[in-house]
Amino acid sequence: MNITRIAHALIARLFFWGNRQCNICGHRVSWFLPYRGGWRSAPPLIRALDIIGSDLDNFECPWCGATDRERHLLMYMHAAGLFDALPGMAVLHFAPERRLSKLIAATIPARYIKCDLYPGAPGVERVDIQAIPYPDKTFDLVIANHVLEHVTDDAGALEEVRRILKPGGYAILQTPFSAKLRETWSDPGIDDDRARLQAYGQEDHVRLFGRSIVERFAAVGFISRVREHRGALEEFDPEKYGVNVAEPFFLFERNDEHAIAGPLGKSG
Ligand SMILES: [Zn+2]
């Protein structure tokens, strides 16, 4: 963090200029800190396609560092009743966000496994979502918040998530997408950091999901329980809490009654 950003963060901790609030740490703030200069600094194609993902202008809490996608996910989990249900659940959490995972751990789930392809903290197991080293029907809930846009084989990853979920189990599969794009877009020729940044919005993203994202995920054997901020989170003013009102809650339930052999892969 450079000096300017530190000063920006310190001033933002005062709340005389605004009425924003972080729902993770509870602090009132003047503003949330932007991600890499905010939306206006995003690559031209990403802006032209109106990518729906993180709120780049209201990204980080100046007190606790929670990102907008942690704040939004916590709201959505509460609204869906998932947070209150955690004590009875076996949970597998990919790329666990530091603040959100502490709140989840504090509910004392029946089982709570934190994992990452590249674990960067103690207590996080090394797990590739494309080859999950757990038996079938082990977990009640899988959390993968902004993970699938990094994964080479997203259909294979989704089949693995479905496999290790118990019947009726849930998967939270947040990921950026463009409602302007009909199809998900990926091309092996986009093969270096600069091209991936321009095409997909970040150097380590490998695709850009289109508006068929819900059908694409459901085809692997899930029932869509997707909700929108408007409707599910009416009481949360997105501006006050610094979250992207356009970001849906990508909640999916393992489908056992009508296992679908969709275009992306085998299910059953
Ligand atoms: Zn905070």
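Here is a short walk through the structure above, from model confidence to the core, a helix pair and one loop residue.

Keep in mind that this is a predicted model. Its mean pLDDT is 91, and 94% of the residues reach 70 or more. The stretch to watch is residues 262-268, where pLDDT stays under 50. The model does have 19 contacts beyond four places in sequence for that stretch. Still, where pLDDT is low, the predicted coordinates should not be read in detail.

Now for the inside. The largest nonpolar core has 63 residues, and those touching the most other members are Val142, Ala144, Ala171, Ile172, Leu173 and Phe252. Helices and strands both feed this core: helices H3 (68-79), H5 (98-106), H6 (154-164) and H8 (213-218) each give two or more residues, and so do strands E3 (90-94), E6 (139-144), E7 (165-172) and E9 (251-254). Take Ile172 as an example: leaving out residues up to four places away in sequence, Ile172 touches Leu73, Ile143, Ala144, Asn145, Phe250 and Leu251.

Next, look at how H3 and H5 sit together. Their axes are 9 Å apart and meet at an angle of about 30°. Angles under 35 degrees count as roughly parallel, so that is what H3 and H5 are to each other. On the H3 side the contact uses Glu70, Leu73 and Leu74, while H5 brings Arg99, Leu100 and Leu103. That makes four nonpolar residues, two charged and no polar ones.

Finally, find Arg40 in the loop between strand E2 (28-29) and helix H2 (44-48). Arg40 is exposed, because just 9 other C-beta atoms lie within 10 Å, and the cut-off for exposed is 12 or fewer. Arg40 and Asp57 are 17 residues apart in sequence, with 8.6 Å between their C-alpha atoms.

How values were computed. Residues are numbered from 1 along each chain as its sequence is written. This is a predicted model: local features need pLDDT of at least 70, side-chain atom pairs count only at pLDDT 80 or more; totals for chains, interfaces and linings use all residues. pLDDT is the predictor's confidence in each residue, from 0 to 100. Two residues are in contact if their C-beta atoms, placed from the backbone, lie within 7 Å. A nonpolar core is a set of buried Ala, Val, Leu, Ile, Met, Phe, Trp, Tyr and Cys residues joined through C-beta atoms within 7 Å. A residue is buried if 20 or more other C-beta atoms lie within 10 Å of its own, exposed if 12 or fewer, and partly exposed in between; C-beta atoms are placed from the backbone. Helices (H or I, at least four residues) and strands (E, at least two) are DSSP runs, numbered from the N terminus. Axes are lines fitted to C-alpha atoms, for helices over the stretch in contact, and angles run from 0 to 180 degrees between N-to-C directions. Angles under 35 degrees count as roughly parallel, over 145 as roughly antiparallel, 65 to 115 as roughly perpendicular and the rest as oblique. Ala, Val, Leu, Ile, Met, Phe, Trp, Tyr, Cys and Pro count as nonpolar, Asp, Glu, Lys and Arg as charged, and the others, Gly among them, as polar.
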